[in-house]
Amino acid sequence: MTFSFQPIVPATPAYRSDGTLYSPKFDDVYASAAGTLAETRHVFLQGNGLPGRWRDSGRFTIIETGFGAGLNFLATWQTWRESAPGHARLHFVSVEKHPFARAELAGIHARFPEMRMFARELLASYPPLLPGFHRLHLDGGRVTLTLLFGEAAVMLNQLDAAADAFYLDGFAPARNPQMWGEAVFSELGRLAAPEATIATYTVAGAVRQGLVKAGFAMEKREGFAGKRGMLAGRFAGKTPANESPTDK
């Protein structure tokens, strides 16, 4: 893969009449109007069997596609603080092509007072909007956040990690197809630890088929707040069975 770092174009926040954070560029919302943090807990935490899986873990790595306003990270960090062993370490890696500037993030986070303590520490270490890798050490070293600012497939291709869980949270596939393409899915398969789990809010057939091709055994589950479903799965490795998608 040829690396080509483009200047970062920051996200521009906007809000719909119901208060939902919205992207004019992608004509899509960042999270459900029914509850941003509740959706994170349903889709990404429960979808990956968390926090149960990390209660006996010394180290746990999560890779996310689509950092957005960082609310998935903040909710995960809060749950980690509440439930992980004191000696355990969380490494959260997230890729974002259009990150928010610090001032914009502060305004968004102010709408979630229950995250105030975590948001304040994140903002204090938040990096400049430059393409590349940015590593933040938080919570006295218990939590490491690595932000990858740039095109998802390009940034993931440079990453050396073994993820225990994946959060797929880009804008809808119809709105942002690059985030849901074969190049990204292939990188997720490369980065998956044995028995890694994966979860996303979308049930798009192309997403399911692409993840199966990348080595994940996928299933449809109950969606959040009346949505028709979500996808969750586990890395099974490249085998003839998962190279031929079924249940389309």
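## Close-up views of a predicted model

**View 1. A salt bridge between two loops.** Glu-151 is partly exposed, with a relative accessible area of 25%, in what is a predicted model. Its partner in this view, Lys-97, is likewise classed as partly exposed, at a relative accessible area of 34%. The side chains of these two residues, Lys-97 and Glu-151, come together in a salt bridge in which nitrogen and oxygen are 2.9 Å apart. Because Lys-97 belongs to the loop between β5 (89-96) and α3 (102-109), while Glu-151 belongs to the loop between β7 (143-149) and α5 (152-157), the pair ties together parts of the chain that lie 54 residues apart in sequence. The count for the model as a whole comes to seven salt bridges, and the next view shows two others.

**View 2. Salt bridges of Glu-195 with Arg-234 and of Glu-219 with Arg-221**. In one of them, Glu-195 and Arg-234 are joined with their closest N and O atoms 3.7 Å apart. This pair links distant parts of the chain, since Glu-195 sits in strand β9 (residues 192-200) and Arg-234 in strand β11 (residues 230-235), with 39 residues separating them in sequence. Glu-195 is partly exposed at a relative accessible area of 47%, and Arg-234 is also counted as partly exposed, at 36% relative accessibility. In the other salt bridge, Arg-221 meets Glu-219, and the closest N and O atoms of that pair are 2.7 Å apart. Arg-221 is partly exposed with a relative accessible area of 34%, and Glu-219 falls into the partly exposed class at 38% relative accessibility.

**View 3. The open sheet of three strands with the order β1-β2-β3**. The strands of this sheet are paired in the antiparallel sense. β1 (14-15) and β3 (28-29) stand at the edges, and because each has a single partner strand, one side of each is left without a neighbour in the sheet. Between β1 and strand β2 (residues 21-23) the antiparallel pairing runs over two bridges. One residue to look for here is Ala-14, whose bridge partner in β2 is Tyr-22. As background to this view and to the one that follows, strands of a sheet pair through backbone hydrogen bonds, in either a parallel or an antiparallel manner.

**View 4. The hairpin formed by β6 and β7**. Strand β6 (residues 132-138) pairs with β7 in the antiparallel sense over seven bridges. Within this pairing, Leu-136 stands opposite Leu-145 of β7. Four residues lie between the two strands of the hairpin, and in the turn Asp-139 has a positive phi of about 55 degrees. Leu-145 returns in the next view, where it is among the residues touched by Phe-73.

**View 5. The surroundings of Phe-73 in helix α2 (residues 71-83)**. Phe-73 is counted as buried because its relative accessibility is 0%, where buried means under 20%. Setting aside residues up to four places away in sequence, Phe-73 touches Phe-67, Phe-92, Leu-122, Leu-138, Val-143 and Leu-145. Phe-73 and Tyr-167 are 94 residues apart in sequence, and their C-alpha atoms are 10.0 Å apart in space.

**View 6. The surroundings of Thr-65 in strand β4 (residues 59-65)**. With a relative accessible area of 2%, Thr-65 is buried. When neighbours within four places in sequence are left aside, Thr-65 is in contact with Val-95, Leu-156, Tyr-167, Leu-168, Asp-169, Gly-170, Met-179, Val-184 and Leu-188.

**View 7. The whole protein, for orientation among the close-ups.** The secondary structure comprises seven helices and eleven strands. For 248 residues, a compact globule would have a radius of gyration near 18 Å, and the 17 Å of this protein agrees with that value. Along the principal axes, the C-alpha atoms fill a box of roughly 50 × 40 × 40 Å. Of the 248 residues, 56% count as buried, and Phe-73 and Thr-65 from the views above belong to the buried class. Among contacts with a separation of 6 or more, 69% are between residues 24 or more positions apart. The accessible surface comes to about 11100 Å², and 51% of it belongs to carbon and sulfur atoms.

How values were computed:
Residues are numbered from 1 along each chain as its sequence is written. This is a predicted model: local features need pLDDT of at least 70, side-chain atom pairs count only at pLDDT 80 or more; totals for chains, interfaces and linings use all residues. Side-chain values use heavy atoms; hydrogens and water are left out. Two strands pair if DSSP finds at least two bridges between them. A salt bridge is a side-chain nitrogen of Lys or Arg within 4 Å of a carboxyl oxygen of Asp or Glu. Buried means under 20% relative accessible area, exposed over 50%, partly exposed in between (1.4 Å probe, protein chains only). Contact means heavy atoms within 4.5 Å. The radius of gyration is taken over C-alpha atoms; the globule rule is 2.2 Å times the number of residues to the power 0.38. Accessible areas come from the Shrake-Rupley method with a 1.4 Å probe; for residues, only the protein chains shown count as cover.
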